[in-house]
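Trainee: I have a structure open and want to learn how to read it. Can we go feature by feature?

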Amino acid sequence: MAFTGKLISGALVTSHFRGGLSRATNFHLEINGSRGDLLLTSPVGAWVDSS
C-alpha cells in the first residue's frame, strides 16, 4: 500500500507499507525535514492490534 499527499502545512508526505519478511531491517521509518532527519529501525516489523 502506498500514498503520497500534502499536509495542511504544505509539507509533502510519501509513504508505503508492505507485508512479509525482510532480509534487512523489518521496520524502517525515515522522516526527512528541513531541520534534520529522524530514523527509527527495529528487528520486529509487525504491528499488533491489542483490541
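Trainee: Where is Arg 18 found?

Mentor: Remember first that this is a predicted model. To place a residue, ask which elements flank it. Arg 18 sits in the loop between β2 (12-16) and β3.

Trainee: Is Arg 18 buried or exposed?

Mentor: Look at relative accessibility. Over 50% is called exposed. Arg 18 reaches 62%, so it counts as exposed.

Trainee: How far apart are the C-alpha atoms of Arg 18 and Ala 2?

Mentor: Separation along the chain and separation in space are two questions. Arg 18 and Ala 2 are 16 residues apart along the chain. Their C-alpha atoms are separated by 8.6 Å.

Trainee: Let's step back. How many helices and strands are there in the protein?

Mentor: Count the elements, then read their order. The protein has zero helices and four strands. Along the sequence, the pattern is β-β-β-β.

Trainee: How do I read a strand pair? Which way do β3 and β4 run, parallel or antiparallel?

Mentor: Check direction, then bridges, then the connection. β3 and β4 run antiparallel, and seven bridges join them. The connection is a hairpin of two residues.

Trainee: Which residue in β4 stands opposite His 28?

Mentor: Thr 41 does. Try another position: Glu 30 has Leu 39 in β4 as its bridge partner.

Trainee: And the side chains? Where do they point in a regular strand?

Mentor: In a regular strand, side chains alternate between the two faces of the sheet. Now look at the surface here. Leu 29, Ile 31, Leu 38 and Leu 40 make a nonpolar patch of about 320 Å². The elements giving two or more residues to that patch are β3 (27-33) and β4 (36-42).

Trainee: Take Leu 29, in strand β3. Why does Leu 29 count as partly exposed?

Mentor: Use the cut-offs again. Buried means under 20%, exposed means over 50%, and partly exposed lies in between. Leu 29 has 34% relative accessibility, so it counts as partly exposed.

Trainee: What share of the residues of the protein count as buried?

Mentor: Go from one residue to the whole chain. Of the 51 residues, 0% count as buried. The accessible surface comes to about 5,100 Å². Carbon and sulfur atoms hold 58% of that surface.

Trainee: One last feature, the contacts. What percentage join residues at least 24 apart?

Mentor: Mind which contacts are being counted. Among those between residues at least 6 apart in sequence, 3% join residues at least 24 apart.

Technical notes: Residues numbered from 1 in each chain as written. Predicted model: local features only at pLDDT ≥ 70, side-chain atom pairs only at ≥ 80, totals over all residues. Heavy atoms only, no water. Patch = residues over 30% accessible without salt bridge, like charges linked within 9 Å, V, L, I, M, F, W, Y side chains within 5 Å. Areas by Shrake-Rupley, 256 points an atom, 1.4 Å probe, with all protein chains shown as cover. Salt bridge = Lys/Arg side-chain N within 4 Å of Asp/Glu carboxyl O. Buried < 20%, exposed > 50% of the residue type's maximum accessible area, 1.4 Å probe, protein only. Contact = heavy atoms within 4.5 Å. Pairing = 2+ DSSP bridges.
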